[in-house]
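Let's take a walk through this structure together, one region at a time. Please keep the sequence and the 3D view open as you read.

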Amino acid sequence: LKLNFNLNPNKNHKVVFGFNSILYQVDRGTKEPLTPESTISTLELGEEKGLESGIYISDDWRVSKKLTIYGGLRYNLFSSLGPQKVYQYHERLPMIPDNIQDTLFFDNNEFIKTSGGLDIRFAANYMINDDLSVKLSYNRLRQNIFMLSNTISVSPNFKWKLSDYNIKPSIGDQLSTGLFANILANRYEVSVEAYYKKVQNLLEIKDGEDLFLNKHVETSTLQGDLDAYGFEFMIKKLYGKLTGWVNYTYSKSSILVDSEFQENQINGGESYLSNYDKPHAANLVASYDFSRRFSMSGNVVYSTGRPITYPTGYYYWAGTRIINYSKRNEYRIPDYFRIDLSLTLEGNLKKHKLAHGSWTLSVYNLLGRKNAYSVYYKRVEESIKAYKLSIFGAPLVSLTYNIKLGNYEN
């Protein structure tokens with residue numbers, strides 16, 4: 001539900017205010033026997049509900065011809081709702097099933113726990129001259145829904161989770177700045193941007209935990225802090241037979257989950273790379289017009305492989321073989337690299353006709369590179385072997401005929 005108002009008191013101000021409310025409903029999962037003879041018992045985890053509401057106001061203020069400021073405030077209020085069975089844990093002990101002190105029961109749509117806070121948005125753009133500008137922005141946002149995943153699985157198991165009685169909402173602060181320029185008679189656009197981001201109460205999965213039909217998600221997760229920073233450089237060519245852009249991004253992100261209790265630590269209380277840490281990423285997109293009817297375009301994509309936790313060996317304990325893993329996200333899957341190419345042949349360029357057609361021949365993954373989507377492991381006799389899972393590990397060729405109704409110039 002959303003109600004939005006726009007107010008323009010004068011030509012230099014654009015004010016937006018209103019409120020919104022979102023109802024989240026998450027099916028936590030059900031396990032049922034396949035046949036009546038099955039020994040599996042039915043397990044229903046039920047539904048998780050939450051209500052997120054907020055009131056907000058923002059102003060787009062043109063201070064002068066050179067300076068524009070945008071500011072916004074939003075008060076965010078989130079409530080977890082019943083029906084739900086909630087476990088209370090000892091405040092000064094790790095959140096594990098053995099430390100459950102009490103069980104609380106909430107009726108349908110009864111408020112379980114409510115938390116709130118102020119979201120902030122600020123941005124300023126200053127035009128140094130007609131071809132050069134600088135931007136600065138700051139944002140603070142609260143997040144009440146999380147996506148948890150087991151990153152070492154061949155088929156990652158994603159699970160949605162709302163903040164609740166035991167899990168706090170995450171709070172993110174981001175500061176960014178950038179310089180933007182048009183050069184060589186506006187034929188090129190150049191930009192350089194940098195950012196720093198800090199997230200509190202980021203939800204992470206404990207080592208060795210399984211989220212599949214987990215009754216106590218809060219005992220399988222921990223909350224920590226994320227630090228991320230980076231910069232991006234981009235240059236874009238706007239005119240001529242050859243057009244396109246190239247950019248390069250360097251970024252780093254790490255997570256720290258520490259506690260006085262060993263059970264509440266990840267990676268021994270040391271910081272580790274986040275699942276999406278990819279320090280180097282580069283993209284090239286280009287198009288070349290050989291004539292008015294024939295053109296070629298392509299793109300090149302490269303990025304550092306994402307972090308992963310590898311099994312490094314195994315040992316025996318009381319006659320049972322146990323796999324030993326590396327530190328959290330200590331290694332990486334292979335780097336990603338892909339080239340795509342397409343050729344386009346336009347139909348005749350008559351100005352007045354009913355429809356205009358064109359043929360496009362494209363090749364996705366021109367080199368047939370088998371980029372690893374994930375790496376998984378299988379026990380083969382007395383050893384553990386690694387396998388790479390590739391998606392579209394061969395060139396994909398397609399031929400398309402496009403029809404555009406109306407005159408070619410339109």
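Does Pro395 count as buried, partly exposed or exposed? With a relative accessibility of 40%, Pro395 counts as partly exposed, because the partly exposed class covers what lies between under 20% (buried) and over 50% (exposed). Keep in mind as we go that this is a predicted model. You will find Pro395 in the loop between strand S27 (383–390) and strand S28 (396–405). Leaving out residues up to four places away in sequence, Pro395 touches Val363, Tyr364, Asn365, Leu366 and Gly368. From Pro395 to Lys327 the sequence separation is 68 residues, and their C-alpha atoms are separated by 36 Å. We will come back to Lys327 further on.

Now step back to the chain as a whole. Its secondary structure comes to 28 strands and 0 helices. The C-alpha trace spans about 75 × 65 × 45 Å along its principal axes. Of the 410 residues, 32% count as buried. If you take the contacts with a separation of 6 or more, 62% of them are between residues 24 or more positions apart. The chain exposes about 25,100 Å², and carbon and sulfur atoms supply 56% of that area.

Part of the surface is worth a visit at the start of the chain. Leu1 sits in the segment before S1, and at 75% relative accessibility Leu1 counts as exposed. Leu1 also belongs to a nonpolar surface patch of about 1,100 Å². Its other members are Leu3, Phe5, Leu7, Phe17, Phe19, Ile55, Ile57, Leu73, Tyr75, Leu77 and Leu118. Which strands each supply at least two residues of this patch? They are strand S1 (2–10), strand S2 (13–27), strand S5 (47–62) and strand S6 (67–81).

Strand S5 leads us on to the salt bridges, of which the structure holds 11. In one of them, Glu48 pairs with Lys161, with the closest N and O atoms 2.5 Å apart. Glu48 lies in strand S5 and Lys161 in strand S12 (residues 158–162), so this pair ties together parts that are 113 residues apart in sequence. Glu48 and Lys161 are both buried. Lys161 also meets Asp164 in a salt bridge, at 2.6 Å from N to O, and Asp164 is buried as well.

For another setting, look at Glu270 and Lys327, whose salt bridge has its closest N and O atoms 3.5 Å apart. Glu270 is in the loop between S16 and strand S17 (272–273), while Lys327 is in the loop between strand S22 (320–325) and strand S23 (331–332), so the pair ties together parts 57 residues apart in sequence. Glu270 counts as partly exposed at 42% relative accessibility, and Lys327 is partly exposed too, with a relative accessible area of 47%. Returning to the earlier pairs, shared partners join Glu48, Lys161 and Asp164 into one salt-bridge network.

Lys161 is also a contact of Asn144, a residue in the loop between strand S10 (132–143) and strand S11 (145–149). Is Asn144 buried or exposed? At 3% relative accessibility, Asn144 counts as buried. Beyond its neighbours up to four places away in sequence, Asn144 touches Glu52, Asn76, Phe78, Ser115, Lys161, Leu162, Ser163 and Pro169.

Next comes the largest pocket, which holds about 1,200 Å³ of space. It is lined by 46 residues, and those closest to its centre are Leu202, Leu203, Glu204, Ile255 and Asn275. Two or more lining residues come from each of S10, S11, strand S13 (170–183), strand S14 (188–205), strand S15 (221–237) and strand S16 (242–256). The largest share of the lining, 7 residues, is given by S14.

Our last stop is Ile333, in the loop between S23 and strand S24 (336–346). At 6% relative accessibility, Ile333 counts as buried. Apart from neighbours within four places in sequence, Ile333 is in contact with Gly305, Arg306, Ile308, Tyr310, Ala372, Tyr373 and Val375. One of these, Ala372, is 39 residues from Ile333 in sequence, while their C-alpha atoms are 6.9 Å apart in space.

Technical notes. Residues are numbered from 1 along each chain as its sequence is written. This is a predicted model: local features need pLDDT of at least 70, side-chain atom pairs count only at pLDDT 80 or more; totals for chains, interfaces and linings use all residues. Side-chain values use heavy atoms; hydrogens and water are left out. Helices (H or I, at least four residues) and strands (E, at least two) are DSSP runs, numbered from the N terminus. Buried means under 20% relative accessible area, exposed over 50%, partly exposed in between (1.4 Å probe, protein chains only). Contact means heavy atoms within 4.5 Å. Patches are made of residues with over 30% relative accessible area and no salt bridge: like charges are joined within 9 Å, nonpolar side chains (Val, Leu, Ile, Met, Phe, Trp, Tyr) within 5 Å. Accessible areas come from the Shrake-Rupley method with a 1.4 Å probe; for residues, only the protein chains shown count as cover. A salt bridge is a side-chain nitrogen of Lys or Arg within 4 Å of a carboxyl oxygen of Asp or Glu. On a 1 Å grid over the protein atoms alone, a cavity is a set of points where a 1.4 Å probe fits but cannot get out, and a pocket is an open set with protein on both sides within 12 Å along at least five of seven lines; lining residues have an atom within 4 Å of a point. Grid points are joined across faces, edges and corners, and a volume is the space filled by probe spheres set on the points.
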